[in-house]
Each structure stands twice: as structure tokens, then as C-alpha cells.
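Morning, everyone. I have one structure to walk through today, and I will keep it quick. Please have a look at it first.

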Amino acid sequence: MDESNRLLLFGASTRAAAFSALRAGLKPWCVDLFADRDLRARCLVQLLRGKYPDAFLDALRTAPPAPWLYTGGLENHPRLVRQMSQGRELWGNGATTLAWARNPMFVADMVRAAGLAAPAACAPALGFGELPAAGERRWLVKPIEGTGGRDIDYWSGDEVDQPAAGSYLQEFVTGEPAAAIYVGDGHAARLLGVTCQLVGEPFCQAAGFQYCGSIGPLAVGAGLRAALIRLGDVLTTACHLRGLFGVDGVLRDKVFWPVEVNPRYTASVEVLEYATGLRALAWHRAVFDLGSVELALPTLADGVVGKAILMAQRDLVFPATGPWDAVLQAPPALDDLPAFADIPAAGERLKAGGPILTLFARGDTVATCREALRRIAVDLDRRLFG
């Protein structure tokens, strides 16, 4: 293997990033919690052995020489990221940047100072502001080290109901969940695209604010695009973000309200790649190899691509056969949209509330794509659970 093209991937799930790496001409070597069958069919991958996430450090010590990057979950463990970066080149954001980007109070202050919209946030137990007074605004209680929209709930508004030290309050903004995807060089950012986020979808068996898919790219007008470009530059400069990153938010009346910064490869990236031909990891690599990004943006997409993550409504032993067999028997070309991904091993025991697999669809519009995803998910759920 050409060591100059090898890239080590670590995270709860690495499949999407690994396939993006392959499309960018890289050779991924992966460690995650699933080692799904479609990932093993294309890449060198090992199942994480030991306690998550600290066991990643042991896995890195035996990994071949190459730069590394992390996917979802590890942004909440800056100490581990710092340890893993000692003696290894990190294609991603280090511990100091994570401390800024994952601080919702700091992010909100920087965004509002730039004249952009941002929901209010406070964490009295951590010394950031005071409990909001009772009023018309609603608030969410969110974990500082949250991921995937889990463990988010509405705040009661009771003064005795202070969020715990590991949580904060964020103003609840009504609207459509969305995400903006960027690549930054520490000084400025390029907007790669915007997606609609699927959150708590009943057809995915997802609950509350749980992330369960993306559809994109969304068409945005000139005013909103300018505001999103400005937002990316502000966050990149304030947090010194480098490489791919995403900003989750809410679209309301053509205004984007950022609610969380994900300073790493995000789940929306592959949706943009399948829809537009984007080579996101090529942009990411350019930041760390060249120090800046001067690549051409992909052409405008014809229609949209969606992905949905089906959750288990109860404990499940994954069956030996099903509609995903075609993907395993004849894997599609890397640029072709697969019907399914993140396919577990036959007989694998899956817990209620956790992910089963990912399914994909195309559509002329977000609405038609969403409906196609719904039909596939409902049929698959019926097959698995009766």
C-alpha cells in the first residue's frame, strides 16, 4: 500500500468517512464500534477492543504509520485527542480548538458579535450566566458532551431545576433542522453545502431530538448563502477550525440559527458527495498537506440525495438475509448511491434504541426524497419486527 495515501480513521462509526476517503483516492485503515460488513468489504478495519473511547489510544499504538482523523463522538474527548496526536499527525482539530468550538456559550457570543443570529445559552453550574427568568421563551437542557441529539429535553423553567454541571440551557428555536458543511483553514471557510436534518423521525423509530438522517443539498438564496459564508468565517477565525466541520442549526424565516458546532467529518458529508460529486476528503487533505483550499466546487446537483438511519424499536438479532444482500454481493461503484450501508453481521445483537443500518434514496425535491426514505424504512421495519 502506498503509505502516502494511507489515512487512519477512529470513531464510533467510520464507514461514511472511509468511503469518502476512498472517493478522494485515500486508503483508509479504520477502528470503530461496529466494523460493519460493507466497510469490511472495502477497507482494512478492526473492531474497537476495550473501553470506549480510551481504547482508541491502544489501537493507535499498533496502527501503521499515517495521519489520522476522528469521526463522531471523539470531539467530546479533547484529552484523548491530545494524547493520540502525540507523535501522530492529526488531520483534524486539536484539543484547544475543541474547547472553543464545543463551548456553546462562547460560540453564541462570537456569532452574535458578528451580527448574526444565535440562540441564547447559559450554564450556571459552570459559571456561564444565570438561570433565565420565567417568560415566553422555551429552553432546552442539553449535555455539553452531547452527540447525535441524544439526552436533550425541554427545561421545566423551575428555578430549582438547575441543569447539572455537564449540561447547559439553550434557547429553543422553532423551525426546520438543517446543517451547513464547511472546510476551514484556520482563517476562513468554504461553504460546501447545506442539508435538511432528520430529527426524531417516527418512521426511523427515532425519539426526541435524535439525529436520524440528512437530505441535500438544499437550495439557498443569496442572502442566506451570504450569512452562512459569514458564519463559517466567524467560527473558523474564532475557534481556529481546520478541515471539514459542520454546524447544526434551525432554519426559520430564511435565517439560520446555529445550535451546535461539529468540528470534524459529519454525517451530512456523504449526502453532498453522492448528490454533487464532491470529494470532501480531498478538500480536507488539502488543508493539512497544503495549508489552504483552492479546489473547484462541485457542480449544482440535479435533485437531492437522502439518508436515513433506522433505529431498533426493540432488541434485535440481525437476520442472515434481507434486501441489503445485493449491496454485499455486488458492491456498487463508490460514486453510485447504495441502497443500504452500515450493514451489521448476521447474528449480531442490536439493542433497542440503537442504529440498525442506513438506507438511501434520491428525489427531485426534499419532500419526495423524504417520502421515498419513509417508504423504505417502514418496509424494512416491518420485515425486521413484523
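**A walk through the model**

V141 stands opposite L169 in β8. I start there on purpose, in the middle of a sheet. One caution before I go on: this is a predicted model.

So, the sheet. It is open and has four strands. The order is β5-β8-β6-β7, and the pairing is antiparallel. Which strands sit at the edges? They are β5, residues 121-122, and β7, residues 153-154. Each of those two pairs on one side only.

Now the pairings, one by one. β6 and β8 are joined by five bridges, in the antiparallel sense. The V141 and L169 pair belongs here. β5 also meets β8, residues 167-171, antiparallel, over two bridges. There, C122 is the residue that stands opposite L169. On to β6 and β7: they run antiparallel and share two bridges. L140 has Y154 of β7 as its bridge partner.

Stay with β6, residues 139-143, for a moment. How many of its residues are buried? Five of five. Both faces are covered. On one side you find W139, V141 and P143. On the other you find L140 and K142. Note the lysine in that list: K142 is buried as well.

Let me zoom out. The protein has eleven helices and 18 strands. Its radius of gyration is 20 Å, and the globule rule gives 21 Å for 386 residues, so the protein is as compact as a globular protein of that length. Along the principal axes, the C-alpha atoms fill a box of roughly 60 × 50 × 45 Å.

Some whole-chain numbers, for those who like them. Of the 386 residues, 54% are buried. Take the contacts between residues at least 6 apart in sequence: 64% of these join residues at least 24 apart. The accessible surface is about 16600 Å². Carbon and sulfur atoms account for 52% of that surface. On charges, there are 38 positive and 41 negative side chains. The centres of the two sets lie 4 Å apart.

Next, a tyrosine. Y265 is in the loop between β13, residues 255-262, and α8, residues 269-276. Is Y265 buried or exposed? The cut-off for buried is under 20% relative accessible area. Y265 comes in at 7%, so it counts as buried.

What does Y265 touch, beyond residues up to four places away in sequence? The list is A16, A17, S20, L244, E270 and L281. Y182 is worth a mention too. Y265 and Y182 are 83 residues apart in sequence, yet 9.6 Å apart in space, C-alpha to C-alpha.

Follow one of those contacts, S20. S20 lies in helix α1, residues 15-23. Its relative accessible area is 0%, so S20 is buried. Setting aside neighbours within four places, S20 is in contact with Y265, V269, E273 and L281. L281 therefore turns up on both lists, for Y265 and for S20.

And where is L281? In helix α9, residues 280-290, among the buried residues. The full buried set there is A280, L281, W283, H284, A286, V287 and F288. A general reminder on spacing: an α-helix has 3.6 residues a turn, so residues three or four places apart point the same way. After α9 comes G291, with a positive phi near 90°.

Another loop, another buried side chain. E201 is found between β10, residues 189-199, and β11, residues 211-216. With a relative accessible area of 8%, E201 is buried. Leaving out neighbours within four places, E201 is in contact with A206, C212 and R370.

Last stop: β18, residues 355-363. Seven of its nine residues are buried. What does β18 pair with? One partner is β14, residues 304-311, antiparallel, over eight bridges. In that pairing, M311 stands opposite P355. Another partner is β16, residues 340-341, also antiparallel, with two bridges. Here A341 has T358 of β18 as its bridge partner.

That is the tour. Questions, please.

How values were computed: Residues are numbered from 1 along each chain as its sequence is written. This is a predicted model: local features need pLDDT of at least 70, side-chain atom pairs count only at pLDDT 80 or more; totals for chains, interfaces and linings use all residues. Side-chain values use heavy atoms; hydrogens and water are left out. The radius of gyration is taken over C-alpha atoms; the globule rule is 2.2 Å times the number of residues to the power 0.38. Buried means under 20% relative accessible area, exposed over 50%, partly exposed in between (1.4 Å probe, protein chains only). Contact means heavy atoms within 4.5 Å. Accessible areas come from the Shrake-Rupley method with a 1.4 Å probe; for residues, only the protein chains shown count as cover. Lys and Arg count as positive and Asp and Glu as negative; His and the chain ends are not counted. The place of a charge is taken as NZ of Lys, CZ of Arg, CG of Asp or CD of Glu. Two strands pair if DSSP finds at least two bridges between them.
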